[in-house]
Amino acid sequence: MLQWGIMASRTKQRPRLLLSSVFGPYGVDDQYGRRENIMELSHNQVTREQGLFSPRVHNESYCLHLLAQNVDVPSTVLDFPSEQRFVKELKKGYDYLGISFIMPNFVKAKRMAELARRHAPGTKIILGGHGTAIDGVESAIPCDHICRGDGVGFLRGLFGPAVTAPIRHPMMEASFNRYVMGIPIDGRVRAAVVLSGVGCVNGCRFCCTSHFFDKRYIPFLDTGKETFDLCRKLEAAMGITDFSVMDENFLKHETRARDLLALMEKHGKPYTFSLFSSAEVVRKVGLGFLQRLGVEFLWMGVESKRALFEKNRGADFVSLVRDLRGQGINVLTSGILFLEHHDKASIHEDIDFMVSLDADFVQFMQLGPAPGTQLYFDYRDSGKLIQGVPYEEWHGQGRIWFRHPHFTPAESEDYLRKAFQKDFAVNGPSILRMADTVLRGARATAGATDPFLKLRHQVRRRHALRHYPLLGPLVTFAPNARAKQLACRVLEDYRRFFGPPSLGTRLKSAAAHVLMVKEMIREKLVAGNLRQPPTIVTTYRPRAG
Ligand code: B12
Ligand code: SF4
């Protein structure tokens, strides 16, 4: 019997899994999407009103690679397909199709599931991602399985290995197709993605990433050692020492962060990190720690001038942002518009406050009752949701989809756009603010005697020097007098710190002028402002052991 059992499992084909993101094109008004949903982070929801100065970046769908790496079946990741490409792949005959989608991509996921039923009726459909929090999704989209929450554990339950097996982390760059002011930077400035965990225990009322994981944190890297070992592996395999950490609140797991730093110091590895973190944790760990850890970019939810959320109680954001930037940390502050206390006067209190913080980047998002959140349940149950707004428009960068006592949906679009424009008009291009901040960082560690901070200083110098060639074009093309003045001041600071630009820097600066003009022409006359990510197909074979 035993022999037969082994024979049978050897000859039995392992199921094949296709994991796909939703199809493009993205960021166009069509029956499946809206122009506000472009597949870019900064240009979509941060520097969206900064025109040519807005950094352009694409990110692969990290979750699909994480899932593929952690199941014991052969799988294919299909990222950014067209509808036709998706059907072509389906027809290759997969046993399972996993579709990852978020709320505004509900109709795309539905269409894909319908195509799968038509072209591959034997393929079982698994739905995953934040879109699965939508009420009644299981009856609205044809499917066989729904994963609400962590997909690694869920797929391991279906395909193995054991749910408790160690996590295999994908080795991939955080972004690609990157342009700054029309200058391609792929290959020159590189960061790898680190997926240390999902969810956040803080449970802010509006936050879908916390609610989706039941206000729990699910670590993929639970210790500083695991995190450090991963950084070393990424460095060895890809030559990368800068890491973009996809984790809602990385520093909340303080022991992991402290142990990571201890190992970096022990081994003389001044890695650098981009993080998301809430203010209460930033204040708890302190600036000195962030400096040593090598945090170079920090996304922090300010939300409002009023401390509406526990995480922000007692935070003095004015000094916090100033001090973080003073230490060379690029800060992205996010603020929520159309909060419950906002009327046509008090909303300006928050817009002006966000602008006055003078962070490197500012995100304004509309209050958005997203399915699964406490805010959503409160609004749904009290009849505040506007009926008939398609999910494609539930994204926070267009119009609100709930009844606000003081703003109509059309007004909300207008206020949002003007908030971004105000930040740009007052504080200038984010890329210029970044250049300013990184130089402050290099200055802050210039006289360091501590051996690890000396190493850190070398990295900071290198990173600051990358911005030097951009300053000439930032002066030349400054969007207004304030920005010109700031660009001249920052250029002068660079001159003082680094000395006059080298021949190499001057040549790069001249090239940057040309590329910027070329980009202006490209956008105006040829291609418009939209950049679509290419389709990327990756196949994975399960690893032994
Ligand atoms: C990277 C990112 C992007 C990238 C996406 C790149 C891409 N290739 O898709 C960019 C910058 C382009 C982007 C854009 C937008 N995004 Co976005 N984005 C993120 C971000 C910061 C990280 C996602 C991530 O990789 N997380 C790490 C992975 C491991 O977690 P995960 O994706 O949740 O996956 C886990 C589970 O969800 C599950 N799972 C996921 N997919 C699947 C599939 C299967 C089959 C299974 C079984 C399980 C499963 O398993 C995974 C492991 O546990 C999240 C916030 C966050 N912290 O998650 C927002 C987030 C996903 N984005 C969001 C939004 C709203 C948008 C935009 C609409 C913004 C806007 N206003 O325009 C646009 C939409 C663009 C578009 N056309 O689709 C929301 C989604 C809200 C919702 N309720 O659906 C989030 C949650 C941010 C937020 N807090 O509001 N985004
Ligand atoms: S601290 Fe940030 S990630 Fe955590 S629940 Fe609040 S908004 Fe969400």
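**Exercise 1.** How many bridges join strand 13 to strand 14, and in which direction do the two strands run?

*Solution.* Keep in mind that this is a predicted model. Start with strand 14, which covers residues 295–303. Four bridges tie it to strand 13, and the two run parallel. For a concrete pair to look up, S274 sits opposite F297 in strand 14.

**Exercise 2.** Work out where these strands sit in the sheet, and which strands form its edges.

*Solution.* The sheet is open and has six strands, ordered 9-12-13-14-15-16, with parallel pairing. Strand 9 (192–194) and strand 16 (361–366) pair on one side only, so these are the edge strands. On average, neighbouring strands are turned by 20° against each other, ignoring direction.

**Exercise 3.** Walk from strand 9 to strand 13 and say what connects or covers the strands.

*Solution.* Step one: strand 9 runs parallel to strand 12 (residues 242–245), with three bridges between them; V194 faces V245 there. Helix 9 (residues 224–238) packs on the sheet and touches strand 9, strand 12 and strand 13 (272–276). Its direction makes about 160° with that of strand 9. Step two: three bridges pair strand 12 with strand 13, again in the parallel sense, and D242 has T272 as its bridge partner. Step three: strand 12, helix 10 (residues 254–267) and strand 13 make up a right-handed β-α-β unit.

**Exercise 4.** Why is strand 13 described as largely enclosed?

*Solution.* Take buried as under 20% relative accessible area. Five of the five residues of strand 13 are buried, so the rest of the structure largely encloses it. Now split them by direction: T272, S274 and F276 point one way, F273 and L275 the other. In a regular strand, side chains alternate between the two sheet faces.

Methods: Residues numbered from 1 in each chain as written. Chains lettered and ligands numbered in written order. Predicted model: local features only at pLDDT ≥ 70, side-chain atom pairs only at ≥ 80, totals over all residues. Heavy atoms only, no water. Axes fitted to C-alpha atoms, helices over the stretch in contact; angles between N-to-C directions. Contact = heavy atoms within 4.5 Å. Buried < 20%, exposed > 50% of the residue type's maximum accessible area, 1.4 Å probe, protein only. Right-handed = clockwise from strand over helix to strand, strands pointing away.
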